[in-house]
Amino acid sequence: MTFTLTIDEPRWDESVRRSAKKYPDVVPVIKGNGYGFGRGRLAALATRLGMDTVAVGTGAEVASVRMEFRGSIVVLAPLTLADLRRPAPEADYLIHTVSHADVVRRLAQPDSPSPAIILELDSPVHRHGVTLSELPGLAAPLRQVRLAGFAMHLPSGGDRPKVLDSVHEALHALRKAGIEVDTFWVSHLSVKEQAAVQALEPGLRIRPRVGTDLWLADRSTFTVTGTVLDVHRTPHKEAVGYRQRRVSGGSLVVVSGGTAHGVGLYTSSARTGWQEVLKSVALGAVRGAGWSPSPFHWAGHRLHFADVAHMQVSMLVVPAGVAPPQVGDQLTCDVRMTVSTFDEVVISSSKPVAS
Ligand SMILES: *Cc1c(COP(=O)(O)O)cnc(C)c1O
């Protein structure tokens, strides 16, 4: 009973390698569930690709990445004053993010620990970061810390010329405050946008922090499948599931893959196109049931949930007129990788199972 990720490893490696080449000086981001692959697997690939630096989301993620990667590790979560009060091992491969002026001032004191830091600046995202008006006051303390550069975590959408302006404004404000900038770490600039900033800032070392566009660059290099565990013919108007909703006939399929795997926490993948949505709506409308679309596919159909997703399985409806799968068959599942957990990861070099 497995919910399985099958990776066509040579092709996946190659897709990540190709994507990494497009971003000069890229810093792979390895965080959370490791974009579905697991942090260790991503760290091992970063090693195979010869990366010098990767970024993790939180300090708790460092150890799992360090086991497979020996270069520098940037911690994206900002260091707090509370963190500095705890005795923390000061590993020289770690680079911490700082996004508060009082943390910079604390680190500038002679009795302070002296980790390498990146100062994060406020951006249009407004998640973390010191504001540009705080910079003049930080020029002196910044000379007393081990500074590895400045960072901006930018939005991935929105008004792009405005986003690029915010980068140039920040660089201008730094220089106006008498602060030298040699390395600038950015998130969510496209390859083209990075080139545009680089053209105006020829002396600047820009280091893009990229996750999704690396690991998930080519979805055809991996497949997610759930195993069919049970198939029942259902009479018209039979009540089924925890919710005891009535189905309009056809077959009820029980497949591995539930909320514990990240299935059913959402109704569709982030990458579902409008055609897919229309198809689901049409399928639902035909049966007049209004079931929500599931991420599982069978025989070219996106199947609908017959019940809320259970913890480890989902109950799906295969409409009358479509031959149902059999116990043991695999249904492809269009998951959001950043929220998915798998029972098993299979490494293959054959072509992935088609739906
Ligand atoms: C998660 C994260 C990234 C990577 O984001 P993707 O959209 O997966 O490329 C980059 N920078 C920061 C600060 C992040 O938190």
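**Chatting through a predicted barrel model**

Biologist: Hi! Let's start with Lys 237: where is its place?

Modeller: Lys 237 belongs to strand S11, which covers residues 236-240. Bear in mind that we are looking at a predicted model.

Biologist: Thanks. Is Lys 237 buried or exposed?

Modeller: Lys 237 counts as exposed, because its relative accessibility is 52% and the cut-off for exposed is over 50%.

Biologist: And its backbone? What is the phi of Lys 237 near?

Modeller: The phi of Lys 237 is near 70°, so to speak on the positive side, in a residue other than glycine.

Biologist: Let me zoom out. How many helices and strands does the protein have?

Modeller: There are 10 helices and 18 strands. Along the principal axes, the C-alpha atoms fill a box of roughly 75 × 40 × 40 Å.

Biologist: What percentage of the residues count as buried?

Modeller: The protein has 355 residues, and 50% of them count as buried.

Biologist: Now the barrel. Which strands close into it, and in what order?

Modeller: The barrel is closed by 8 strands, in the order S2-S3-S4-S5-S6-S7-S8-S9, with parallel pairing. From one strand to the next, the twist averages 30°.

Biologist: Can we look at one pair in there? How many bridges join S3 to S4?

Modeller: Strand S3 (residues 53-56) and strand S4 (residues 72-78) run parallel and are joined by 4 bridges. To find one of them on your screen, go to Val 54, whose bridge partner in S4 is Ile 73.

Biologist: Got it. On to the ligand: which residues surround it?

Modeller: The surrounding residues are Val 29, Lys 31, Tyr 35, Leu 76, Arg 127, His 153, Ser 187, His 188, Arg 209, Val 210, Gly 211 and Thr 212. Sorted by class, that shell holds 4 nonpolar, 5 polar and 3 charged residues.

Biologist: What about Lys 31, how many Å is its polar side-chain atom from an oxygen atom of the ligand?

Modeller: That distance is 2.8 Å for Lys 31. His 188 also takes part through its side chain, with an N or O atom 2.7 Å from an oxygen atom of the ligand.

Biologist: And Gly 211? Which kind of atom does it bring to the ligand?

Modeller: Gly 211 brings a backbone N or O atom, which lies 2.8 Å from an oxygen atom of the ligand. As for coverage, the ligand has 390 Å² of accessible area on its own, and the protein covers 87% of it.

Biologist: Nice. Changing topic: where is Ala 299 found?

Modeller: Ala 299 is in the loop between strand S14 (293-298) and strand S15 (301-305). Those two strands form a hairpin with 2 residues between them, and Ala 299 takes a positive phi near 50° there, although it is not a glycine.

Biologist: In what sense do S14 and S15 pair, parallel or antiparallel?

Modeller: S14 and S15 pair in the antiparallel sense, over 3 bridges. Look at His 297, for instance: its bridge partner in S15 is Arg 302.

Biologist: Which other strand is joined to S14 by 2 bridges?

Modeller: That would be S17 (residues 330-333), which runs antiparallel to S14. In this pairing, Phe 296 stands opposite Cys 333 in S17.

Biologist: Back to S15 for a second. Is Phe 305 buried or exposed?

Modeller: Phe 305, which is found in strand S15, is buried, because its relative accessible area is 7% and the limit for buried is under 20%. C-alpha to C-alpha, Phe 305 is 34 Å from Gly 57, and the two are 248 residues apart in sequence.

Biologist: Now a couple of loops. Where is the place of Gly 158?

Modeller: Gly 158 lies in the loop between strand S7 (146-153) and helix H7 (160-176). With a relative accessible area of 70%, Gly 158 is exposed. Ala 44 is 114 residues away from it in sequence, and the C-alpha atoms of the two are 34 Å apart in space.

Biologist: Last one, Ser 112: buried or exposed?

Modeller: Ser 112 is buried, with a relative accessible area of 11%. Ser 112 is also in a loop, the one between helix H5 (101-108) and strand S6 (116-120).

Biologist: Which backbone oxygen does the side chain of Ser 112 reach?

Modeller: The side chain of Ser 112 reaches the backbone oxygen of Leu 107, at 3.4 Å.

Terms used. Residues are numbered from 1 along each chain as its sequence is written. This is a predicted model: local features need pLDDT of at least 70, side-chain atom pairs count only at pLDDT 80 or more; totals for chains, interfaces and linings use all residues. Side-chain values use heavy atoms; hydrogens and water are left out. Two strands pair if DSSP finds at least two bridges between them. Axes are lines fitted to C-alpha atoms, for helices over the stretch in contact, and angles run from 0 to 180 degrees between N-to-C directions. A residue is near a molecule or strand if one of its heavy atoms lies within 4 Å of it. A polar contact is a pair of N or O atoms within 3.5 Å; within protein, one must be able to donate a hydrogen and the other to accept it, and residues adjacent in sequence count only if both atoms are side-chain atoms. Accessible areas come from the Shrake-Rupley method with a 1.4 Å probe; for residues, only the protein chains shown count as cover. Ala, Val, Leu, Ile, Met, Phe, Trp, Tyr, Cys and Pro count as nonpolar, Asp, Glu, Lys and Arg as charged, and the others, Gly among them, as polar. Buried means under 20% relative accessible area, exposed over 50%, partly exposed in between (1.4 Å probe, protein chains only).
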